[in-house]
Amino acid sequence: MSAPVSDGPMQEPSDPEGSRDPVDPLHFSPRAFARARRRASLRDFWRAFRSDRLAMAGLITLLGFVVLALIAPWISPESGLSVTASGGNPRWASPSWDFPLGTDHQSRSGAAQFVWGSRVSIFVGLAATVITIAIGSSVGIVAGFFGRWTDAVLMRITDWFLVIPFLPLAIVLAAVLDRSLRNIILVIAITSWPATARLVRAQVLTVKQRLYVDRARALGAGRAHVIRRHILPNVAPLILANVTLAVPISILTETTLSFLGLGDPTRTSWGKVLEQAQTEGAVLRNAWWYYLPSGIGIVLVVLSFTLVGRALEEILDPRLREDGR
Amino acid sequence: MSLLELRDLHITYRSPRGDVPAVRGVDLTIEPGETVGLAGESGCGKSTIAGAILRLLPRETSVEGTVLLDGQDVYAMNPGTLRAARWTDAAIVFQGALHSLNPVQRVGRQIDEAILLHTDLSPKAATIRTGELLERVGIPAARARAYPHQLSGGQRQRVLIALALACEPKLLIADEPTTALDVMVQAQVLELLAELQRDRGLALLFITHDLSVLTSTCERLAVMYAGQIVEQGPSHEVFAHPEHPYTTALARAFPTIGDPASRLNPSGLPGDPPNPADLPGGCAFHPRCERAIESCATDTVVLRPIRGGRAAACVHVPEPSR
Amino acid sequence: MRLRFVIGKIAGALGTLAFVLVFNFFLFRVVTDDPIGRLFRGRNLTPDQIEAKRQQFDLDGSQFEQFIAYLGQTIKGNLGDSILSGRPVSTEIGEAIWPTVFLVGTAAVLSMLIGVFLGIHAGWRRRGRLDASATSFSMFTYSVPDFWIGMLLLAVFSIQLDLLPTGGFETAGSTRTGLAALADQFVHMLLPCLTLTLAYIGEYMIVMRSSIIDTVKEDYLQLARAKGMREAEVRNRHAVPNALLPVVSLGALNFGYILSGAIAVEAIFSWPGLGQATQEAIRGPDFPMLQGLFLVTSASLIVANLLADLLYGLLDPRVVGR
């Protein structure tokens, strides 16, 4: 299922795009064959994924939240977040038909904050992860592939970053920079990329050792070609699995940073809701409708990503698969 | 009374993907002090038998038939008796010594452990005895303080042999003890095993895929294929005049050192060993057999006795006359 | 050989510490080229007052001169003065260390013991009921922000059931001494400690479990069984010591995170430790405090890393070399 895609012949014949029948010997085209094989392995992949019920539950939950975040403007008007517009509402009201998740200290709707908060939390989580993975993978691939001095220098830098405690660094960075969404994303990315770089580099080293890379070089393949056709396809699955496991970390970091007051003051996120719950004493007032939903939202989203990520990891890395699964 | 008796042994591994028959009806007897070889390619079931004797197979494995060790039914023993019997009645020398030894424990301590489990000796006395055992296999007693990774491959194998002898077993099961070693070291280890066997009157069950090795170390040998014994008899005779086509091929694949005839005529077997989960019908060997006839694909053949204490399971061996 | 290993690791640690010092210094200067302006943004100061502040904080002169001054002061233990309180940073930090070590240290030890225990039993026999529940529990606590757990516990035990105090190190205005004081502090520590323990357990459990699962396949366990050891003994004497190795590294590393503390959890429970100090410093913003805290936590992490490496070298003889 995760067979390296690059076992085929190096040269593609001048025969263009494809034939109707990829196994027809007269019109055989390696590209069409590779495509058919890829399609088949995608089907196998989906079947394997579907059989993991927990992972499917996670996937569905995730899609649910993404949909919720996207349709937010339609189901809960943004005015619900504004303090001035909420003047007429009761303060600290427990849930009712009008306010399914009650109101907070400034009479704003808890439901509105939950729905709009999901947008920021999920968006920041995804964006930060994308940047983290981009930086981490590039560093990992370059370090692993070129080796020697490049590797030594890049790894030293990575190790330095790893040694600095993650949260204090994030806090310090967030404290000295302006408080904005962009900066939060940056801070998370800066503190998270080393772990990805390490993982990717290890995988690249493993792939590099495999004989077919040597054979490709002996055949005269250029470095860019080797990276593109051999290294990337074998590292990509690992990166993909890593992405889904890195998103939870990003989301949790954003939550913690927002909780500590370092988030964007103009936007609400689940972490921000919890921060306000803390500073306004929601726990002491027993306003459970305010601090429970955001926490539950975080748990569900993070748990879903983790379940999906674990399933991906197991399917894509045959070594992790246990017998009889 | 025989030291080891296997009667109609059937062993099947169970997995969620289906049952895999590893051993399909094996009879084997070993008398005290006797040396018996068990030959075959990987997957034929010989290592499974080694594990079965001391009941070391995974819990889900089904074992049918009888295993009598020194007259006692191994599979009827209660756990305490079984643990007491292990290592004292029979001991195993595994292959791949680097993985068979605990990497974070000194080798001496691992031998001490066996001694302390089965005797009343004090720890200090056990250490002394370990030293003696190591010396006996050609390793200085001081090396007991070494960790496995600090020893060479040959030394590690000797440690495993010393360990196996720690509780003075009556039967020594050697499971591919020399496969991972260089030829020179191999010869030394074989020499050591033969010596020990003679000195202590041990019974030896030598399991390997190298038929030629068995002729020098064992009086009798049995050849296994796809979970069954296909030929058995005195080792020299079986090697020199094989009756079963598989034995013939196996003998040819391993030239005897110093015999120009076999050296000039090497040959491997075509095809691969059969997948135990998907065996051919009839005689399991027939797809690779150069003497196969039509009935081989449908009829199974049991061991047929031949004069001189030999037997072979082949259609070309005349049926015993009544 | 061992000495070279130790010296190498110590040298590495010192090098990293040096890097941290440089990084710490330039972080605040590079990210904002006008620290004083940032510090006092929103407050009206005349240019003269700003210049005076600059001198007070050694922010005149070139970057390099400032760096040397910074190094000199730091080595002497002078980390500057807190903007908020005016007291020396080192004093503020010094007072906050014990509550954090007390709270987080206890939670770290507890979570390690419980997590490792659960991990061993979950991984030894997979797919048992313990495995499933322990794994789900760990995944759940891993997904939850630790301070949210604190909020929930506070809500249940403190508000609803009124069993435990809502925060603080000890009862306000308490004049207890000795054992009574300790008991009072202990009661106050219960909820935050429980919160942190729950948050940390998951990681240990998961790591230990997968480590045991890897170990279970090893051949030397089979040899131990063949020697006649009880299953529990095989697990405890051979599997666990090998499986513990990665966990030990993890544990040592996590101890390093102690001083970076449970910032958010301390905030929830108004625990007067380094975490709370950090939070107040953020709100300031109190840059000298932030800088001092950052240095202290980085240094403790470097030391913990070093100890983890040395400990691993002590436990795994294969690492130390030849």
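**View 1. Contact between chain C and chain A in the predicted model.** In this contact, 38 residues of chain C meet 32 residues of chain A. On the side of chain C that touches chain A, at least two residues each come from α1 (2-31), α6 (129-143), α7, α11, α12 (274-283) and α13 (287-315) of chain C. The largest share, 8 residues, is supplied by α13(C). Sorted by class, this side of chain C holds 27 nonpolar, 10 polar and 1 charged residues.

**View 2. Helix α7 of chain C, residues 146-160.** The helix has 15 residues, and the distance from its first C-alpha to its last is 20 Å, close to the 21 Å expected at 1.5 Å a residue. A kink of about 30° is centred on Leu154(C). After α7(C) comes Asp162(C), which has a positive phi, near 55°.

**View 3. Buried residues of α7(C) and their cover.** Asp146(C), Phe147(C), Trp148(C), Ile149(C), Gly150(C), Met151(C), Leu153(C) and Leu154(C) are the buried residues of this helix. Leu154(C) is also the residue on which the kink is centred. The cover over the buried residues includes elements of both chains: α9 (223-259), α10 (270-279) and α11 (288-316) from chain A, and α8 (178-216) and α11 (263-268) from chain C.

**View 4. Asp214(A) in helix α8 of chain A.** Helix α8 of chain A spans residues 211-218 and contains Asp214(A). Asp214(A) counts as exposed because it has 12 C-beta neighbours inside 10 Å, and 12 or fewer is the cut-off for exposed. Gly281(A) is 67 residues from Asp214(A) in sequence, and their C-alpha atoms are 64 Å apart in space.

How values were computed: Residues numbered from 1 in each chain as written. Chains lettered and ligands numbered in written order. Predicted model: local features only at pLDDT ≥ 70, side-chain atom pairs only at ≥ 80, totals over all residues. Helix = DSSP H or I, 4+ residues; strand = E, 2+ residues; numbered from the N terminus. Expected span 1.5 Å × (residues − 1). Bend = angle between axes of the 7 residues up to and from the residue. Buried ≥ 20, exposed ≤ 12 C-beta atoms within 10 Å, placed from the backbone. Contact = placed C-beta atoms within 7 Å. Nonpolar A, V, L, I, M, F, W, Y, C, P; charged D, E, K, R; others polar.
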